[in-house]
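Me: I'd like to go through this one and ask how each label was earned. Can you take it step by step?

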Amino acid sequence: MPSAEFDALIDSFRALQSSGERSVDDARAGWESLAARFPPADDLTFTPAVADGIPVEWVEAPGADPQRVVIYLHGGGYVMGSVPSYRALAGRISRAAAARVLLVDYRLAPEHRFPAAVDDAVIACRWLARREGGLARVVIGGDSAGGGLSLATMLALREAGHALPAAAVCISPSTDLAKTGESIRARAHLDPLVSVPSTFAHARRYLGDDGDPTHPLASPLYASLQGFPPLLVMVGTHEILHDDSTRLAEKAKAAGVDVTLEIAQDMVHIWPFFAAILPEGQQAIERIGEFVRAHA
């Protein structure tokens, strides 16, 4: 059962939603303030690096297999999120998966619009492939925008003739910036984290006023998924982006991809991020760990 602390957090999210669309600066500051409430564990190791010009950071829990890597792309609608705000989640994934986690500090919109995030993630993957001798023991993953970006990164790698990671983990992924899923409206009253105005605003900030929301590298739902590695797609029932996951899974299965769709009853957007106060969040992280260990 969700803790009283988590219930109070959800109430605060709903209050923020009622205040209307926030500026980019306010959204970023709000996210960093929220993340600061969930500090990383004391036994984690953080090692900054530069991947061919892209800032990255290694996050490692004790006992991590040095040969197993998760390259993680944070969420935030392509507008907010950071390496510091995702250290705690990365540490939990490192511990559950017995893997080193590489957080990528990709460029954010609106200062850097599409396809800047994709370009940076691809550069980081290529750097990692050279460093690790390939991607055979690398799983790519991310939440929300980072989940969509993980898929877009594999698309770009595939189109360039590069080998793909061994598998991918998509937590509440944003796969359709055109926002055509029925859940955008039908589940708006259930979602305390992502409002209809905010999800449209972030897409506009990323794409620009004249951007194509159905471009496959922006919205992987519109891409061919042939040749993709195994996917773990996780989504909660209380998400306006619910259909971004279910439709992606359907398309992946039709393309012959080994895809596991896990729908968490009553869970909210990116619920594993709140594992410190949400038992279901930690359970999801343990599931991610099992998946990573099985494929890398």
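Reply: Sure, here are the labels with the reasoning behind them; keep in mind that this is a predicted model.

Me: Let's start with the cysteines. Why is C125 said to be in no disulfide?

Reply: A disulfide needs two cysteine sulfur atoms within 2.5 Å. By this rule the count is 0 disulfides. For C125, the nearest cysteine sulfur belongs to C170 and is 13 Å away, so the pair doesn't meet the 2.5 Å cut-off. Turn it around and the story holds: C170 is in no disulfide, its nearest cysteine sulfur being that of C125, 13 Å away.

Me: And what makes C125 and C170 buried?

Reply: The cut-off for buried is under 20% relative accessible area. C125 comes in at 2%, so it is buried. C170 has 0% relative accessibility, so it counts as buried too.

Me: Why is H202 called buried?

Reply: Its relative accessibility is 13%, and buried means under 20%, so H202 gets the label. As for where it sits, H202 is in helix α7, residues 196-207.

Me: How do you know which residues H202 touches?

Reply: A contact takes heavy atoms within 4.5 Å. Not counting residues up to four places away in sequence, H202 touches G77, V79 and M80. Separately, H202 and A152 are 50 residues apart in sequence, with 17 Å from C-alpha to C-alpha.

Me: What about T237: buried or exposed?

Reply: Buried. The relative accessible area of T237 is 11%, which is on the buried side of the 20% cut-off. T237 lies in the loop between β7 (231-236) and α8 (242-254). Leaving aside neighbours within four places in sequence, its contacts include R187, L190, H242 and D266.

Me: How many cavities of 30 Å³ or more does a search of the whole structure find?

Reply: The search finds 1. The largest cavity has a volume of about 30 Å³.

Me: Which residues line the largest cavity?

Reply: The lining is V70, Y72, I93, G141, G142, V169, I171 and I288. The elements giving two or more residues to that lining are β3 (65-73), β5 (138-143) and β6 (167-171).

Me: What makes 2 of the lining residues polar?

Reply: By class, the lining has 6 nonpolar, 2 polar and no charged residues. Gly counts as polar under the scheme used, while Val, Ile and Tyr count as nonpolar. G141 and G142 are in the lining, so the Gly rule puts them in the polar class.

Terms used
Residues numbered from 1 in each chain as written. Predicted model: local features only at pLDDT ≥ 70, side-chain atom pairs only at ≥ 80, totals over all residues. Heavy atoms only, no water. Buried < 20%, exposed > 50% of the residue type's maximum accessible area, 1.4 Å probe, protein only. Helix = DSSP H or I, 4+ residues; strand = E, 2+ residues; numbered from the N terminus. 1 Å grid on protein atoms, 1.4 Å probe; cavity = no way out; pocket = protein on both sides within 12 Å on 5 of 7 lines; lining within 4 Å. Points joined across faces, edges and corners; volume = space filled by probe spheres on them.
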